[in-house]
Each structure stands twice: as C-alpha cells, then as structure tokens.
Amino acid sequence: QKRPTGWRHQPERIQEPGLGRWKEWKLKDERNEPCRRAVFPKACSTLDHLGQWIDVQWAEFSVLEAGAHIRAHTGPTNNRLTVHLCLITPPGVRIRIGAGPVAEYRNGSVFFFDDSFEHEVWHKGSTDRVVLLVQFTHPEIAPRLDMGKLRTEL
C-alpha cells in the first residue's frame with residue numbers, strides 16, 4: 001500500500017544528525033485545521049471522542065527510524081500535557097522523561113508526561129517506531145477535564 005503524501009521531517013533539529021530520521025504526519029494542529037479524516041478516519045474519530053473531555057491542542061503520527069536519537073530537549077511551555085500511544089515498535093526504543101528512569105517503548109504502551117520537563121529518545125531497534133502523539137491543555141488550566149470519567153470511557 002502506498003504511503004499517503006503529507007509526511008514531513010520533524011523540523012525542530014533536535015535529532016542527532018546522520019542517524020535515523022524523525023518524521024511526522026499532523027492529524028490536527030494548533031491552527032484548528034480539521035482533522036485529516038479522509039486519510040485517517042479512525043484516528044480522527046478517536047480525537048473527536050477525546051475532545052469531549054479534554055482540549056486537544058494537536059496530534060500527529062510520529063515516526064522514528066532505526067538508529068535515530070532525539071537529543072535531550074524540553075517543550076516550549078508547561079500549559080500542555082503529552083501522550084505517546086505506541087502503535088508499532090521493535091525492541092530497543094527507549095525514552096527518558098525528566099530525572100526518571102529510562103523506559104522502553106512496547107506496542108500498546110502509553111507515556112503520559114509534561115514535555116516542559118527534559119526528555120530524550122534513543123532508537124536502537126531495527127524498524128520504525130510509530131506513536132500517536134497527542135498534546136492537550138494541562139488540566140490545571142482546563143477545568144473541563146474529568147480524569148475519572150475519561151478513565152471510565154477509555
């Protein structure tokens with residue numbers, strides 16, 4: 001199956017040069033563009049469902065090629081939280097968030113964090129790692145987030 005157009009190399013320049021690349025496909029972005037439903041209908045439906053409880057700022061499929069290293073970095077603000085839902089990964093892909101321990105991605109694993117804390121990713125596996133990356137307004141800022149109800153529904 002042919003991959004849809006629209007993939008781009010991640011522009012932040014925080015990956016180690018000359019190693020595997022970091023690519024992305026935006027589903028929903030901060031400009032409130034509509035979700036790319038024609039290409040990813042299930043992902044957009046999931047984002048619509050999440051939008052009932054949280055203020056989704058943006059979402060993307062994040063693809064990390066084998067050999068990649070995303071250097072230690074921080075997000076620009078603490079007004080949001082980040083979720084990585086790991087869809088596909090080989091063994092050997094790890095993430096460090098803040099001063100916490102290094103954790104390995106596994107298919108179906110979820111990492112939930114404030115990306116204003118330093119974080120870093122190493123890909124020592126053999127095939128692409130694909131995560132659904134969603135960023136949403138921090139619950140201290142968005143009072144409509146009901147974590148109890150969200151856990152029940154998901």
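Which side chain does the side chain of D55 make a polar contact with? The partner is T137, and the contact spans 2.7 Å, side chain to side chain. Keep in mind that we're looking at a predicted model here. D55 itself sits in the loop between α1 and β3. With a relative accessible area of 35%, D55 is partly exposed, because that value falls between the 20% limit for buried and the 50% limit for exposed. There's a second way to see what D55 faces: its C-alpha atom is 8.6 Å from that of H138, although the two residues are 83 apart along the chain.

Let's step back to the overall layout. The protein has 2 helices and 10 strands. Walking from the N terminus, you go through β-β-α-β-β-β-β-β-β-β-β-α. Of the 154 residues, 47% count as buried. Contacts across the sequence are well represented too: take those with a separation of 6 or more, and 70% of them are between residues 24 or more positions apart. On the outside, the protein exposes about 8700 Å², and carbon and sulfur atoms supply 53% of that area.

Now for the inside. The largest nonpolar core has 20 residues, and those with the most contacts inside it are L27, F40, L47, I54, V56, F61 and V134. Where do the residues of this core come from? β2, α1, β3, β5 and β10 each supply at least two of them. There's also a second, separate core, with 15 residues, including I14, W58, C86 and V131. W58 is worth a second look, as K26 lies over the face of its ring, 3.6 Å from the ring centre.

Two names from the bigger core, F40 and F61, lead us to the aromatic rings. The structure holds 4 aromatic pairs. In the pair made by F40 and F61, the ring centres are 4.8 Å apart and the planes meet at 55 degrees, so the pair is tilted. What does this pair tie together? F40 lies in the loop between β2 and α1, while F61 belongs to strand β3, so the pair joins parts that are 21 residues apart in sequence. Both rings belong to residues that fall under the 20% limit for buried: F40 is buried at 18% relative accessibility, and F61 is buried at 11%. These two also have company, since ring pairs link W25, F40 and F61 into a cluster.

Another pair is formed by F112 and F136, and it's tilted as well: 5.9 Å from centre to centre, with 35 degrees between the planes. This one links distant parts of the chain, with F112 in strand β8 and F136 in strand β10, 24 residues apart. Are its two members buried or exposed? F112 is partly exposed, at a relative accessible area of 47%, whereas F136 counts as buried at 5% relative accessibility.

From here, move over to the loop between β5 and β6, where you'll find T89. T89 is buried, with a relative accessible area of 13%. Setting aside residues up to four places away in sequence, T89 touches Y105, R106, N107, D128 and R129. Two of those neighbours, Y105 and R129, have an arrangement of their own: the charged end of R129 sits over the ring of Y105, 5.0 Å from the ring centre.

Finish with E104, in strand β7. At 30% relative accessibility, E104 counts as partly exposed. Which residues does E104 contact, leaving aside its neighbours within four places in sequence? They are P91, G92, V93, R94 and F111. One of these, G92, is also reached in a specific way: the side chain of E104 comes to 2.7 Å from the backbone nitrogen of G92. As for P90, its C-alpha atom is 9.9 Å from that of E104, and the two residues are 14 apart along the chain.

Terms used. Residues are numbered from 1 along each chain as its sequence is written. This is a predicted model: local features need pLDDT of at least 70, side-chain atom pairs count only at pLDDT 80 or more; totals for chains, interfaces and linings use all residues. Side-chain values use heavy atoms; hydrogens and water are left out. Rings of Phe, Tyr and Trp (its six-membered ring) pair if their centres lie within 6.5 Å; planes under 30 degrees apart count as stacked, over 60 as edge-to-face and the rest as tilted. Helices (H or I, at least four residues) and strands (E, at least two) are DSSP runs, numbered from the N terminus. Buried means under 20% relative accessible area, exposed over 50%, partly exposed in between (1.4 Å probe, protein chains only). A charge sits over a ring if NZ of Lys or CZ of Arg is within 6 Å of the ring centre and within 35 degrees of the ring normal. A nonpolar core is a set of buried Ala, Val, Leu, Ile, Met, Phe, Trp, Tyr and Cys residues joined through side-chain atoms within 4.5 Å. A polar contact is a pair of N or O atoms within 3.5 Å; within protein, one must be able to donate a hydrogen and the other to accept it, and residues adjacent in sequence count only if both atoms are side-chain atoms. Contact means heavy atoms within 4.5 Å. Accessible areas come from the Shrake-Rupley method with a 1.4 Å probe; for residues, only the protein chains shown count as cover.
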